[in-house]
Amino acid sequence: MDPVQRRESGPRRAPSIDDVARLAGVSAQTVSRVSRGSDKVRESTRERVLVAMRQLGYVPNRAARALRNGSYHVIGVLTQRVEQTGEAHTLSGVLDAARARELTVTVTQVNHPEAEEVHAAVADLIRQPVEGLVIVQSGLATAEHLALPPGLPVASSDSQLVGSYPSASADQVGGVRSAIEHLISLGHRRILHIRGPEDSPSASVRNAAWAHSLKQHGLDVPGPIRGGWSAADGYRAGAAVMKDTKATAVFCANDEVATGLIRALQERGRRVPEDISVVGFDGLPMGEYLSPPLTTVQLDFRRAGATMVDLVVEQIVDGVRDGSRHVVIPTKLVLRGSTAAPPRFSAQ
């Protein structure tokens, strides 16, 4: 069982050197020698110990590592604006997982996703004594923009970097598909989309998945409504939604956008869901307490953050970076009161 799978069964104590020894079938002293990089261990035994370390998610003692090679047991984290909901929850997962592994975290955020700003922020991070790097968000920057050292352990959740570095991200395409299929099953045929920022890879993925889902069902694809990530963006988009008199449902870029839209619609005399259905994305706890409670696609941001820490630690332990390693985290459609059959179906 790998570290990611082990986390799914709930929180446990950090694995010890004795746990590794039992799993590998060796003594604790042998595990200690492998951790110190001693050459007095047979290669076959060393491999068994390293495999056991990876399976258990074991990280050698911080002090021992520092004494051995000057390591500081620090990982860097790069993110865009941390006040944004997804980034904040993902960072929380990173911090929790790092704390459990006795890792120190250095966080740098960028206010704009331009490649030059991201490159400068990464350069500042790797000048510090970091052993690995977690990239929560880096906008449209590519691996070429980042120009990271070849041997640096890296993990990312940014879709632009998938394939270049080990990554962990939500199944956004599957989540969008489940939301659109839910609306279609209710009878909706004109489904609008308020998209996220143009410079956001996640927003682009959600927009493309919405369009593809409609096409698969032979439905027209309206032009997406310009939006963002905030409730204010959803509120402003309400005017555009009201102009489309044939629309009976709206898929929003996230829950905050959906919150603003619902208020805008209600202020203009449109009932949700009797006149128009609204679906969010992210699965924030506040959605349950809206009026009406929000149907949404739930993402596990904290799990994504913790998984990225796992991926960095795997690289620290075995010294191998596999850019094709991509952990897809399932999403869940949560049905609540903001969706129902469109008016013409309800009247039948």
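**Exercise 1.** In which loop is Asp282 found? Work out its phi and whether it is buried or exposed.

*Solution.* A quick note before we start: this is a predicted model, where local features need pLDDT of at least 70, side-chain atom pairs count only at pLDDT 80 or more, and totals for chains, interfaces and linings use all residues. Residues are numbered from 1 along each chain as its sequence is written, and side-chain values use heavy atoms, with hydrogens and water left out.

- Step 1: look between β8 and β9, since the loop there holds Asp282. Helices (H or I, at least four residues) and strands (E, at least two) are DSSP runs, numbered from the N terminus.
- Step 2: check the backbone. Asp282 has a phi near 125°, which is positive although the residue isn't glycine.
- Step 3: check the surroundings. With a relative accessible area of 5%, Asp282 is buried (buried is under 20% relative accessible area, exposed over 50%, partly exposed in between; 1.4 Å probe, protein chains only).

**Exercise 2.** Now do the same for Glu102: where is it found, and what is its phi?

*Solution.*

- Step 1: go to the loop between α6 (85-100) and β2 (104-110); Glu102 is there.
- Step 2: read off phi, which is near 60° for Glu102, again positive in a non-glycine residue.
- Step 3: Glu102 has 46% relative accessibility, so it counts as partly exposed.

**Exercise 3.** Find which residues the cis peptide bonds join at Pro273 and Pro292.

*Solution.*

- Step 1: Val272 and Pro273 are linked by a cis bond with omega about 10°. Pro273 sits in the loop between α12 (255-267) and β8 (277-279).
- Step 2: from Ser291 to Pro292 the bond is cis too, with omega near 0°. Pro292 is in the loop between β8 and β9 (296-298).
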